[in-house]
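Q: Could you take a close look at one part of this structure for me, and then walk me outward from there? I'd like one connected answer.

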Amino acid sequence: MSYFSGRDGAMYMEISGRFQKVAKATRWQLSSSQASLDTTTLEDTDRTVISGVRSMTGSCEILYYQSSRGNNTDNRCSQLVDKLIKPRTSGNIDGIAAVPENVRLRFAVNDGSNAPTGRYIEIDAVLTSATMQMGVGEIFSAAINFDSVGAPRSVSI
């Protein structure tokens with residue numbers, strides 16, 4: 001019997017039509033919930049329900065890095081944060097910036113199979129927050145929160 005651990009996990013982001021590994025992800029989390037709709041009527045003696053709307057939210061922690069000094073082209077952390085945080089589109093107007101971009105994410109668990117990504121869930125997501133943090137003796141990192149847009153695109157868990 002074997003268990004999966006963090007070293008078996010990976011997070012990917014679609015860039016230019018191809019999934020690229022977010023190489024310095026330290027953790028990811030997905031949470032799916034199902035609402036119930038009450039169908040109890042006046043003559044019922046017990047509550048009855050049916051399935052309502054599902055939702056999925058998640059978060060990840062990623063590290064800023066450069067493969068070589070001054071080279072930021074492979075920094076997926078920066079590319080992900082840039083989907084949410086946008087500069088002003090006009091230098092003179094405080095409240096005008098580009099609209100945040102949705103992102104396609106794939107959360108994978110390498111199960112040792114021959115499949116290219118093992119087990120995974122792939123979603124389209126709206127980034128809802130990005131918290132960047134840096135401190136003495138710590139690595140520059142970002143905590144990202146997101147909501148899934150609709151049902152997952154693909155599930156192989």
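A: Let's start with Ser-141, which sits in strand 7, the run covering residues 141-148. Keep in mind that this is a predicted model. Ser-141 has a relative accessible area of 10%, and because the cut-off for buried is under 20%, Ser-141 counts as buried. As for its company, leaving out residues up to four places away in sequence, Ser-141 touches Ile-62, Leu-63 and Tyr-64, along with Thr-131, Met-132 and Gln-133.

Now for another serine. Ser-16 is found in the loop between strand 1 and strand 2 (18-21). Its relative accessibility comes out at 78%, and since exposed means over 50%, Ser-16 goes down as exposed. The backbone has a quirk here too: Ser-16 isn't a glycine, yet its phi is positive, at about 55°.

On to the largest pocket, where strand 1 turns up again. This pocket has a volume of about 220 Å³, and 15 residues line it. Nearest its centre you'll find Gly-6, Gly-9, Ala-10, Arg-27 and Trp-28. Two elements give two or more residues to the lining, namely strand 1 (9-15) and strand 3 (25-38). Strand 3 gives the most, with four residues. By chemistry, the lining splits into eight nonpolar residues, four polar ones and three charged ones.

Conventions:
Residues numbered from 1 in each chain as written. Predicted model: local features only at pLDDT ≥ 70, side-chain atom pairs only at ≥ 80, totals over all residues. Heavy atoms only, no water. 1 Å grid on protein atoms, 1.4 Å probe; cavity = no way out; pocket = protein on both sides within 12 Å on 5 of 7 lines; lining within 4 Å. Points joined across faces, edges and corners; volume = space filled by probe spheres on them. Nonpolar A, V, L, I, M, F, W, Y, C, P; charged D, E, K, R; others polar. Buried < 20%, exposed > 50% of the residue type's maximum accessible area, 1.4 Å probe, protein only. Contact = heavy atoms within 4.5 Å.
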